[in-house]
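Biologist: I'd like to learn how to read a model like this one. Can we take it feature by feature?

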Amino acid sequence: MVFFHHKTEVNKTRTFWALKTGWSNIIHIIQSMRFVVSHVYRESNSCADSLANHGLSTPGFSWWSLVPPFIKEAFYRNRTGLPSYRFH
């Protein structure tokens, strides 16, 4: 939907009519959210880092109902508040 939403030369937003309702709903939901965006080093979120690396090396789509085996240790360390270290 982002590709269909753009600003014109006169700085007015123009959305194609077929997407207008959906786009308006999304904008309304986003405006009602309160969130903070911050940076976290990959060492602080080893589960996300491992999942991202897995996604880069695996073609296709993956779905897990349980914690994937390759992040199980990092997941439980994170959940119990134990630190994660990254050695090269």
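Biologist: Let's start with a single residue: where is the place of P83?

Modeller: Keep in mind that this is a predicted model. P83 sits in the segment after helix 3. Along the chain P83 is 39 residues from S44, yet their C-alpha atoms are separated by 7.8 Å.

Biologist: And does P83 count as buried, exposed or partly exposed?

Modeller: Relative accessibility is what you read for that, with buried meaning under 20% and exposed over 50%. P83 comes out at 41%, so P83 counts as partly exposed.

Biologist: Let's try another proline. Which loop holds P68?

Modeller: That would be the loop between helix 2 and helix 3. P68 has 6% relative accessibility, which is why P68 counts as buried. You can also pair P68 with C47: they are 21 residues apart in sequence, and 9.9 Å separates them in space, C-alpha to C-alpha.

Biologist: What share of the protein chain do buried residues make up?

Modeller: Buried residues account for 9% of the 88 residues in the protein chain.

Biologist: Now the overall layout. How many helices and strands are there in the protein chain?

Modeller: Count 3 helices and 2 strands. Reading from the N terminus, the order is β-β-α-α-α.

Biologist: Which residues form a nonpolar patch on the surface?

Modeller: The patch is built from I26, I29, I30, M33, F35 and V37, and together they have about 610 Å² of accessible area. Take M33 as an example: M33 is found in the loop between helix 1 (20-31) and helix 2 (46-57). With 47% relative accessibility, M33 counts as partly exposed.

Biologist: What about pockets? How much space lies in the largest pocket?

Modeller: The general idea comes first: rolling a probe the size of a water molecule over the atoms shows where empty space is left. Here, the largest pocket holds about 190 Å³ of space. Its lining has 12 residues, and S46, S50, A74, S84 and Y85 are the closest to the pocket centre.

Biologist: Which elements give two or more residues to that lining?

Modeller: Helix 2 and helix 3 (72-79) do. Helix 2 supplies the largest share of the lining, 3 residues.

Biologist: And how do the lining residues of the largest pocket divide into nonpolar, polar and charged?

Modeller: There are 4 nonpolar, 3 polar and 5 charged residues in that lining.

Notes:
Residues numbered from 1 in each chain as written. Predicted model: local features only at pLDDT ≥ 70, side-chain atom pairs only at ≥ 80, totals over all residues. Heavy atoms only, no water. Patch = residues over 30% accessible without salt bridge, like charges linked within 9 Å, V, L, I, M, F, W, Y side chains within 5 Å. Areas by Shrake-Rupley, 256 points an atom, 1.4 Å probe, with all protein chains shown as cover. Salt bridge = Lys/Arg side-chain N within 4 Å of Asp/Glu carboxyl O. Helix = DSSP H or I, 4+ residues; strand = E, 2+ residues; numbered from the N terminus. Buried < 20%, exposed > 50% of the residue type's maximum accessible area, 1.4 Å probe, protein only. 1 Å grid on protein atoms, 1.4 Å probe; cavity = no way out; pocket = protein on both sides within 12 Å on 5 of 7 lines; lining within 4 Å. Points joined across faces, edges and corners; volume = space filled by probe spheres on them. Nonpolar A, V, L, I, M, F, W, Y, C, P; charged D, E, K, R; others polar.
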